[in-house]
Amino acid sequence: VQDADADALGQQMHALARELFPICRSLTGDGVRETLSVLGKHLPLERHEVPSGTSAFDWIVPREWNVREAFIEDEPGHRIVDFKKHNLHLMGYSTPIDAWLSLAELQEHLYSLEDQPDAIPYVTSYYKERWGFCVTHRQRTTLKDGRYHVRIDSELRDGHLSYADFTVPGETPREVLVTTYVCHPSMANNELSGPVVATFLAKWVMAQTRRFTYRFVFVPETIGSIVYLNRNLAHLKHRMEVGFNLSCIGDERGYSYVASRYENTLADRIARHVLRSTHPEFVRYSFLERGSDERQYSAPGVDLPLVTLCRTKFGQYPEYHTSLDDLTLVTAEGLAGGYEFARRCLEVAEQNHTYRVKCLCEPQLGRRGLYSTVSTRDSWRETKSMTAMIAYADGSNDLLSIAERLGVPSWDLDPIARRLVDADLFAVVDSPMPASVLRV
Amino acid sequence: VQDADADALGQQMHALARELFPICRSLTGDGVRETLSVLGKHLPLERHEVPSGTSAFDWIVPREWNVREAFIEDEPGHRIVDFKKHNLHLMGYSTPIDAWLSLAELQEHLYSLEDQPDAIPYVTSYYKERWGFCVTHRQRTTLKDGRYHVRIDSELRDGHLSYADFTVPGETPREVLVTTYVCHPSMANNELSGPVVATFLAKWVMAQTRRFTYRFVFVPETIGSIVYLNRNLAHLKHRMEVGFNLSCIGDERGYSYVASRYENTLADRIARHVLRSTHPEFVRYSFLERGSDERQYSAPGVDLPLVTLCRTKFGQYPEYHTSLDDLTLVTAEGLAGGYEFARRCLEVAEQNHTYRVKCLCEPQLGRRGLYSTVSTRDSWRETKSMTAMIAYADGSNDLLSIAERLGVPSWDLDPIARRLVDADLFAVVDSPMPASVLRV
Amino acid sequence: VQDADADALGQQMHALARELFPICRSLTGDGVRETLSVLGKHLPLERHEVPSGTSAFDWIVPREWNVREAFIEDEPGHRIVDFKKHNLHLMGYSTPIDAWLSLAELQEHLYSLEDQPDAIPYVTSYYKERWGFCVTHRQRTTLKDGRYHVRIDSELRDGHLSYADFTVPGETPREVLVTTYVCHPSMANNELSGPVVATFLAKWVMAQTRRFTYRFVFVPETIGSIVYLNRNLAHLKHRMEVGFNLSCIGDERGYSYVASRYENTLADRIARHVLRSTHPEFVRYSFLERGSDERQYSAPGVDLPLVTLCRTKFGQYPEYHTSLDDLTLVTAEGLAGGYEFARRCLEVAEQNHTYRVKCLCEPQLGRRGLYSTVSTRDSWRETKSMTAMIAYADGSNDLLSIAERLGVPSWDLDPIARRLVDADLFAVVDSPMPASVLRV
């Protein structure tokens, strides 16, 4: 990717984020559908609607929630808090109300952050019925005694949980999965960065020659992934080579990933390799520090080879879960960096063949023109990489292992491996089973 | 254990130690029997007598040794060394003599420590016939030329080796073994601390609901354990889950343990976990630094999962194997600490189940009331421990592994595991084989 | 080996090196045959001649090269460069020529080292036909414009590749292989040190009682080993216990070895153990830094347990591949050190039995006289080693493992192991398969 291309791509992603930002997303409801419709202009999404009450492992799909309006007015009729202005003002899954309350009564339903007085916090109550408003602490301290008109015109009724997915067929039915979520209201890093990066990643995949079949999944967090796994686990256990969950991947700070349970899946190896090669100062979070949908994919018995890719991880930046997590925190440059991190991961997966040298003892490179005739520093490095690859191409090391052993990016070795295949010196001896099966 | 309880227990243990201290123990003889009789007032001991000449693996039970009196008198008839005053004065297994000797002749049979002039050394000659007296170096240097009357009225004849054991039945026939020895004359850390702590540990075990059957063994060191293993090896190989040898466990200095041959048995894991959690400054001795009955339990082909628990290990304190190893070195507080170390080890063994979460993906804790409704620092820590336990409850980790992974004591996790079992979220999936069988 | 013996041996090796030094060796040709004839005065070599054009795995035996004379003369007829003075002056495998050239034309065929102005470089062109002269840079800069008479009376024609081997039968057909090469012209460390040390090693082996059969191989590098493996691979895969390639083993600087592909063969373990015990400051080169015939023996599918033993490794000393690598760099002392390193490796292989103690629990050493009766520092160390060996003699550790565990040289443990075998306490339980088979 050229820098100019990266700039342009970043701008396009940021534009999509701006388009999606105002929509009121939640676990369920029309905001999710609208979000999927916007994404559907870019991708051939397949939409799914799962009825409330449907069981999925230990969980049940909740009722659907929609909001027409929600506000607080003071006695003179000034609308001092309005859902229309910022959808974080309303606690997610708030039940309806239309009443006049004293300030004391109202306070019981207000949420603010004393140590971040200008932030509206993000609060939900998915599985216990109640209502509430979220305000800046600065505003809350200005509220005077008196009566307040509180109105929430919301609806909590049997409906559906909405999600979308689609697959991009490749040369083999083995799958790479990319999942992200569409349940967060107006916040940017957590979580518009995930669906936005996933969208442009899918566009890139569609433009490539690819060995794997790619599956892109847009779901509400937790319940959405649980429903998705409930419906697709057997298939994924047979097909999935590797997977990545995208979350908090659009700010300009660090790079990180959240490991799987034992940090030993192909997804872990790829994420570590890419970050070691491109951002060696990255942060590696253990599964004890998990918090996104890796929780489901790496649960006991599910055991799919997936990790979560992040720039600054959820819970690790001060704007997290507040109105300060906005489109100044998430930038075109930040999104472009997150995109490149994820794209490299897919690229490494594609290139990660296992090779076996076809002759005993060293092959004679000279007569095949595989030794550079002009000796430069670069050609010397390439020859060194080539002979090292031949040395370890014994059918037990994939390209990633060899790259880690040599301390070079696997994408530097891939062209050399291809030359050796073309010269009939390397055979591809990939396992006939995807990583998800091998791990069980 | 409350501190007051610990104090009381320490006092009781020290009282028992004081009662046992004057008895002249050795590999065999009436002192061993008398010691077992005193312990038999506390525990339902089963007594065993093994005839001299009995083979046990590479060894033969030696003749029984008893002493009626032993002294040295100077020419004027002053009894300058008397076995009645301190039984360390007589070399263990000394043959009888009644003779007048010159000082030069006497010197050949005297043992003292030049660098510890006030200590009577502990010397034995179990397998070669000879006689000797042990004295302080200070006294030895005062001896004047002249003739000395030496009398040892001892008997070395075919008799028996005495030992005792008993089992406390538990819910399962799988066994935890505690072994210690009763062959050391008047010394306190090495070795009255072992039998005293073992006695009170047995009392505690008898008062508990327990999954394991417990076996307590009181034998003379080396030959006693070899005889014991010769008689019980097949049984222990089928039943023994874990075992602890107690020695030098009553002083107030550090904590330590002597590992098994490869440091990988359940006993090693438990001892390390308890010490890391309670006394992180503990000393870990490899099997190369062994010296007590772990030598037999961890010998090739025996391979039972046992380690030795110590406060300050044999050979590591200056009073070792001298009259200075007395009941001022071993204190009520020292014994209470040793007891608590050993008790924790048994507790961890009892709690060390392997669990498997019963649903796929994360269980919904909220609807089961397993999330604290009031959020405090403690409840947050408990929730974190609970979700971590669920994450790793995949049937491949026992409670110890999870505790080590989380860096918390396993006894903090046990109540959480029980709540998850009660909530029908955890199944117990323990191996049907005890650790001794699995290891083979 | 006594120091005086080492001195004498060093002198004998240096004398042999001096005898071999002037001969013009190459991949093929009469210089190789003459070298093998000189070595044949010391060893019962079996000579082999392999026709040009013979296939060996990915390679073909090249044509044979011989030189009658080669020189450059200036216009007045002064012979300014003469192959007779130093055979490095002629590029290896130079084609014939007899012509007058301008200085500019001549320059195209001259090789020198600007940063080592007094060194004649070592240059070859085995697989591409050309001609050239190698000169010191100092001489090159003195060349004046004018015409030069260049004459190379060489012959490149179908002939043979020459090599030699022989075996020294031992108690078992399992083999230890020592290989080195005879294709380098007048250089000393790389490579007369290898064949010289191998020759004296073979003499030592022939004088020993030996459990293994020894195979000594003298070949041209790369193509020679490839031919050798092509002819002997099946046999070696069945018989080879361990092997060592000798190269650059005669200077006085450090000690090092080049590891096999995964650094886990018996050869790796032996080389590391010997160097840790004798030269703890040694350098361990990974297979990524290989460059000698370990490249072939450790290639995928060949997988024989061999490492390369070096003093200062090829490419790691400034004189490498120049006329400065001469018999002042390689000394009697340097050769003696290299010999001793290699001899220790063979000795450790011979001693490396796996033992199993024959009784359960500790054996009683006292009644067998295996405890020293006089207690000295040395006897205490020996007793400690003996009990440690008994503890780990469980049939899963070879002598090397135990020595590494105890941190002592295995040759200190060997006599103790023999005493325990003699006392009927140890059984030898070696694997019935050689290391090369086990590794597959």
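How many residue pairs are in polar contact across the interface of chain B and chain A? The rule finds 13 such pairs, both residues at pLDDT 80 or more; a polar contact is a pair of N or O atoms within 3.5 Å, one able to donate a hydrogen and the other to accept it, and residues adjacent in sequence count only if both atoms are side-chain atoms.

This is a predicted model, in which local features need pLDDT of at least 70, side-chain atom pairs count only at pLDDT 80 or more, and totals for chains, interfaces and linings use all residues. Residues are numbered from 1 along each chain as its sequence is written, chains are lettered from A in the order in which they are written, and side-chain values use heavy atoms, without hydrogens and water.

**View 1. Chain B laid on chain A.** A turn of 120° and a shift of 0.1 Å along the axis bring chain B onto chain A with an RMSD of 0.1 Å (least squares on C-alpha atoms of residues with pLDDT of at least 70 in both). The two copies are therefore related as by a three-fold rotation axis. In chain B, the C-alpha nearest the axis belongs to B:Asn264, 13 Å from it.

**View 2. The contact between chain B and chain A.** Chain B gives 22 residues and chain A gives 18 (contact: heavy atoms within 4.5 Å).

**View 3. A salt bridge between A:Asp58 and B:Arg368.** Their side chains meet at 2.7 Å, N to O. The interface of chain B and chain A holds 4 salt bridges by the rule (a side-chain nitrogen of Lys or Arg within 4 Å of a carboxyl oxygen of Asp or Glu).
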